[in-house]
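Subject: A structure for you to explore

Hi there,

Here is the structure I promised to pass on. Please open it next to this email, and then read on for what turned up in it.

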Amino acid sequence: MTTWTEEEEIELAEVVLRHIREKSTLLAAMNEASNKLNRSEDECSSRWHRYTKDNYQVAVIHAMKIRYAK
């Protein structure tokens, strides 16, 4: 497993946040992210849950508000 770059972190977050806003599943988000980043779904999921999500808490809350406002 290779180190995650800042660009990969941002891409992962953007994909997940879009899926949240669009009422999609986290599984679909990880599938898309894995294809874009050339990483496994498990790597993307692990990275999201262990590191990235904490750095995007405000954005996740905002995306959830959009999701449930529709």
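**What surrounds H19**

Leaving out residues up to four places away in sequence, H19 touches S24, T25, A28, A29, E32 and R67, where contact means heavy atoms within 4.5 Å. H19 itself belongs to helix α1, which covers residues 6-21. Helices here are DSSP runs of H or I with at least four residues, strands are runs of E with at least two, and both are numbered from the N terminus. H19 counts as buried because its relative accessibility is 8%. The labels work like this: buried is under 20% relative accessible area, exposed is over 50%, and partly exposed lies in between, with a 1.4 Å probe and protein chains only.

**Before you go further**

This is a predicted model, in which local features need pLDDT of at least 70 and side-chain atom pairs count only at pLDDT 80 or more, while totals for chains, interfaces and linings use all residues. Residues are numbered from 1 along each chain as its sequence is written, and side-chain values use heavy atoms, with hydrogens and water left out.

How confident is the predictor? pLDDT is its confidence in each residue, from 0 to 100. The chain has a mean pLDDT of 96, and 97% of its residues reach 70 or more. Among the elements, helix α2 (residues 26-37) has the highest mean, 98, and helix α4 (residues 57-69) the lowest, 95. As a habit for any model, remember that predicted coordinates should not be read in detail where pLDDT is low.

**The whole chain**

How many helices and strands does the chain have? There are 4 helices and 0 strands, so the pattern along the sequence reads α-α-α-α. The C-alpha trace spans about 40 × 20 × 15 Å along its principal axes. The chain has a radius of gyration of 12 Å, which agrees with the value near 11 Å for a compact globule of 70 residues. That radius is taken over C-alpha atoms, and the globule rule is 2.2 Å times the number of residues to the power 0.38.

Of the 70 residues, 33% count as buried. The accessible surface comes to about 4700 Å², and 52% of it belongs to carbon and sulfur atoms; such areas come from the Shrake-Rupley method with a 1.4 Å probe, and for residues only the protein chains shown count as cover. Among contacts with a separation of 6 or more, 59% are between residues 24 or more positions apart.

**Back to helix α1: L12**

Is L12 buried or exposed? This residue of helix α1 counts as buried because its relative accessibility is 0%. Apart from neighbours within four places in sequence, L12 is in contact with W4, M30, A33, L37, C44, R47, W48 and T52. Try a distance too: the C-alpha atoms of L12 and A69 are 57 residues apart along the chain and separated by 24 Å.

**Charges and rings**

Two of the names in L12's contact list, W4 and R47, come up again here. R39 lies over the face of W4, at 4.1 Å from the ring centre. The charged end of R47 sits over the ring of Y51, 4.3 Å from its centre. A charge counts as over a ring if NZ of Lys or CZ of Arg is within 6 Å of the ring centre and within 35 degrees of the ring normal.

**Two loop residues with positive phi**

Most residues other than glycine have a negative phi. K23 has a positive phi of about 60° although it is not a glycine, and N38, also not a glycine, has a phi near 55°. K23 sits in the loop between α1 and α2 and is partly exposed, with a relative accessible area of 44%. N38 sits in the loop between α2 and α3 (41-55) and counts as exposed, at 73% relative accessibility. From C-alpha to C-alpha, N38 and H19 are 19 Å apart in space, and 19 residues apart in sequence.

Enjoy looking around!

Best wishes

Note on methods
pLDDT = per-residue confidence, 0-100.
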